[in-house]
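Work through the following exercises with the coordinates at hand, and check each step of a solution before going on to the next.

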Amino acid sequence: IDENKKSIFLADVEVIDSVTKEQVYKTRTNGVGKWTASLPIGKYSIIISKRDPSTKDKLKLTQEINIDGSSSTIELPSMVMKR
């Protein structure tokens, strides 16, 4: 979400394997700022980025996640992308 608590749509999402440092998945957020991926057990860095429409600066958020197989669905907490 942005600092006004609005969803950030069409942001780039990259999933990076924390061990190999390789990109394992790439997508974009949908119209309500959500995205999905099917990932095997492992540790990942999630990088969400988007260009600020007014300044053209690239805004970026990074979140570390651990998929341990204990749940079939993981919902990540909302993060605020600040300009």
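Strands are DSSP runs of E with at least two residues, and helices are runs of H or I with at least four, both numbered from the N terminus. The model is predicted, so local features need pLDDT of at least 70 and side-chain atom pairs count only at pLDDT 80 or more, while totals for chains, interfaces and linings use all residues. Residues are numbered from 1 along each chain as its sequence is written, and side-chain values use heavy atoms, with hydrogens and water left out.

**Exercise 1.** Place Asp52 in the fold and decide whether Asp52 is buried or exposed.

*Solution.* Begin with the secondary structure: Asp52 belongs to the loop that runs between β3 (42-51) and β4. Next take the accessibility, where buried means under 20% relative accessible area, exposed over 50% and partly exposed in between, with a 1.4 Å probe and protein chains only. Asp52 counts as buried because its relative accessibility is 2%. Finally, once neighbours within four places in sequence are set aside, Asp52 is in contact (heavy atoms within 4.5 Å) with Asp57, Leu59 and Arg83.

**Exercise 2.** Determine how far Asp52 and Lys82 are apart, in sequence and in space.

*Solution.* Along the chain the separation is 30 residues, whereas from C-alpha to C-alpha Asp52 and Lys82 are 9.7 Å apart.

**Exercise 3.** Find which ring the charged end of Lys50 sits over.

*Solution.* The criterion asks for NZ of Lys or CZ of Arg within 6 Å of the ring centre and within 35 degrees of the ring normal. The charged end of Lys50 sits over the ring of Phe9, at 4.7 Å from the ring's centre.
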